[in-house]
Amino acid sequence: MRDDLFGLESELKIRKSKVREVFTPHTPVNEIEHLFGREQDIKRMISFINIPGQHILIYGDRGVGKTSLAKATCSLILDKISRGSFLTRSCDSGDTFSSLFIEPLSNVGIDISINQQTKSVKQIGKAGISIPVVSAGIESERQTDTVHKNSLQLDSPSWVAQQLKNYDCIYLIDEVDTLTSETDKHKLSELIKALSDANSKFKIIIVGIAKTASELTAGHKSIQRCLKEIHLDRMPNEDIRKIILNGMNNIKPKKIPKDEVVESIVDISSGFPHYTHLICLSCAEIAISKDLSHIEPTILHEALTEVAMDLESTFSENLSTILRSTNNPQEYKLILLAASHCQKRDFRSAELADKIFQLYGTSINSSTLNSRLTKLSNTINSDNILSKTARACYSFKDPRMPSFVKIKFNHLLDD
C-alpha cells in the first residue's frame, strides 16, 4: 500500500502548522497581525472612525483586500479602543435599503417582523327587504377588514437614523456595488448624512468594488464632508514581499522561500494580495507535506500547476473561448503572457512588441500584432479579454486577468 494513500498524514501536518490561518485566499483576513502591507490605511481608518460625524467608504478593484482591511481594523478598534458592537452584512442583488437595517433595528428593540396588520370584524344583523306583498327581516352576515399600519418607516433614511443614532456600533456593509437600485444607494448616503448631523454613535463603513466613490453613493454630493474615502489600489511590490516573508515566518515550523521564488510570486501577484495568499498557501502546503524547510522554484512550479486548476472558472472559460476561435492558440497565449508582463495597466502595441522580443527573443510584425489585439479586444465578443482604451492602446478587461495569465501560462517562459 502506498504511504499516505489519501493524504491524511499531509493534511494533519498542514493543520498543525496553522498555515491556513496565515494565508487566507478564500476568506478575508480577520487578524490584524496577519494583515501585512496596509499599515497606513489601517492608521487612517482608526483616525476616521473615531472622529465625530465621520463614516468611511472603502473602494477599489476586486482582490485588493478591501474586506480584509475593514474587518481586521474594526476588530482592532473594538479590542483596543471601543467596547461597542460590531455588525457586518454582505449585500446581494436582492437587498434594498430597508433590508440592510433589519438586524441593527432589531438590536435596538424595534420589532420589524410585522409592518402591517389586518383586523377582521364579523357582523351579523337583519337586512330589511321591501317586497310589494310582504316585508321580511332576513339575517345577514358581513365581514369588515380594517388595515392597521404600524409606525415603522423602514424606507425612510431619516427615520432609521433617528432609531439608530444612540446605538454604539460599527456597521460594516460589504459589496455595496451589488445593490441594483441607485435609489437604495442614494438612501444609504442620505442615512449617513443624517447620522453625521446627529453626531451619532452608530458608524457605517461601506465597502464595494468601484473605480470612483460616487459609483457607490449614487453621486450624492453633500455626503462628502461626512464620508471619508479610502481608495485601495494594488499593493506596491514591497508590501507584497511583506505578505510573503512575514507569512512564511509565521508558519510552524517556518518556511524559507528562495529569493527567486519570492520575486516570482511578487511578479505574478501584480499587486493583488489575493493571488499572493493563494500561491503562498499552495507553496507552503507542498513544503509542509514534504517536510521541507525551504521553498525552491520546483515547489513554486508545482504550486502554480495546482492553483491554475482551482482558479475562477469564468477566467478559464473566457480564455478557452477566445483560444478555440483562433487558428494559432499558442501564439495568442504568448501575446497574452507578454501583455501580462507590461508594467502599466494600459499598454501600447509598440510596447507589447518590445516585451515579446524581450521575453521570447522574437519579433512580430506590427500589422500581425494589431490584428491579434483586435481579435482579443473585439467588442462584439462579450468574452473578450482586452479592452481598447485609445488608438493602439489596450488594457485587460478585468485587472486580475494578468495574474491569472501568468499562473496559467508562465511555464511557457521555460519552454
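Two residues are taken to be in contact when they have heavy atoms within 4.5 Å of each other. With that in mind, a good place to begin is the overall make-up of this predicted model. Residues 24 or more positions apart supply 74% of the chain's contacts with a separation of 6 or more. The chain has 415 residues, and 44% of them count as buried. Its secondary structure comes to 18 helices and 12 strands.

The interior is the next stop. The largest nonpolar core holds 83 residues, and those with the most contacts inside it are Phe-23, Ile-58, Ile-205, Leu-352, Phe-396 and Ile-407. Helix α12 provides the largest share of this core, 10 residues. Another core, of 35 residues, lies apart from it and includes Leu-87, Phe-97, Leu-188 and Ala-210. Ile-58 gives a close-up of the 83-residue core. Leaving aside residues up to four places away in sequence, Ile-58 touches Met-45, Lys-66, Leu-69 and Ala-70, among others. Also among the residues touched by Ile-58 are Ile-205, Ile-206, Val-207 and Gly-208, along with Ile-230 and Leu-232.

Helix α12, the source of the largest share of that core, can be followed through its packing with two other helices. The first partner described here is α10. Helix α10 spans residues 237-250 and α12 spans residues 273-289; their axes come within 10 Å and cross at roughly 30°. Because angles under 35 degrees count as roughly parallel, α10 is roughly parallel to α12. The crossing of α10 with α12 is right-handed. On the α10 side, the residues involved are Ile-240, Ile-243, Ile-244 and Met-248, and they meet Pro-273, Thr-276, His-277, Cys-280, Cys-283 and Ala-284 of α12. Sorted by class, this contact of α10 with α12 comprises eight nonpolar residues, two polar and no charged ones. An α-helix has 3.6 residues a turn, so residues three or four places apart point the same way.

The other partner is α13, residues 297-310, which packs with α12 at an angle of about 120°, the axes being 9 Å apart. That angle makes α12 oblique to α13. Here too, α12 passes α13 in a right-handed crossing. From α12 the contact draws on Leu-278, Ile-279, Ser-282, Cys-283, Ile-286 and Ala-287, while α13 contributes Ile-299, Leu-300, Glu-302, Ala-303, Leu-304, Glu-306 and Val-307. The contact of α12 with α13 divides into 10 nonpolar residues, one polar and two charged. Cys-283 of α12 thus appears in the contact with α10 and in the contact with α13.

Helix α7, residues 157-164, offers another view of buried packing. Pro-157, Trp-159, Val-160, Ala-161 and Leu-164 are buried in this helix. The buried residues of α7 pack against helices α5 (97-100), α6 (102-107) and α8 (182-197), and against strand β6 (202-209).

Some details of the backbone are found in the loops. The peptide bond from Lys-252 to Pro-253 is cis, with omega near -10°, and Pro-253 lies in the loop between α10 and β8 (256-257). In the loop between α8 and β6 sits Asn-199, a residue other than glycine with a positive phi near 50°. Asn-199 counts as exposed because its relative accessibility is 51%. Ala-392 likewise has a positive phi, about 60°, although it is not a glycine. Ala-392 is found in the loop between β11 (386-390) and β12 (393-396). With a relative accessible area of 27%, Ala-392 is partly exposed.

Notes: Residues are numbered from 1 along each chain as its sequence is written. This is a predicted model: local features need pLDDT of at least 70, side-chain atom pairs count only at pLDDT 80 or more; totals for chains, interfaces and linings use all residues. Side-chain values use heavy atoms; hydrogens and water are left out. Axes are lines fitted to C-alpha atoms, for helices over the stretch in contact, and angles run from 0 to 180 degrees between N-to-C directions. Helices (H or I, at least four residues) and strands (E, at least two) are DSSP runs, numbered from the N terminus. Angles under 35 degrees count as roughly parallel, over 145 as roughly antiparallel, 65 to 115 as roughly perpendicular and the rest as oblique. A crossing is left-handed if the near helix is turned anticlockwise from the far one by less than a right angle, and right-handed if clockwise. Ala, Val, Leu, Ile, Met, Phe, Trp, Tyr, Cys and Pro count as nonpolar, Asp, Glu, Lys and Arg as charged, and the others, Gly among them, as polar. A nonpolar core is a set of buried Ala, Val, Leu, Ile, Met, Phe, Trp, Tyr and Cys residues joined through side-chain atoms within 4.5 Å. Buried means under 20% relative accessible area, exposed over 50%, partly exposed in between (1.4 Å probe, protein chains only).
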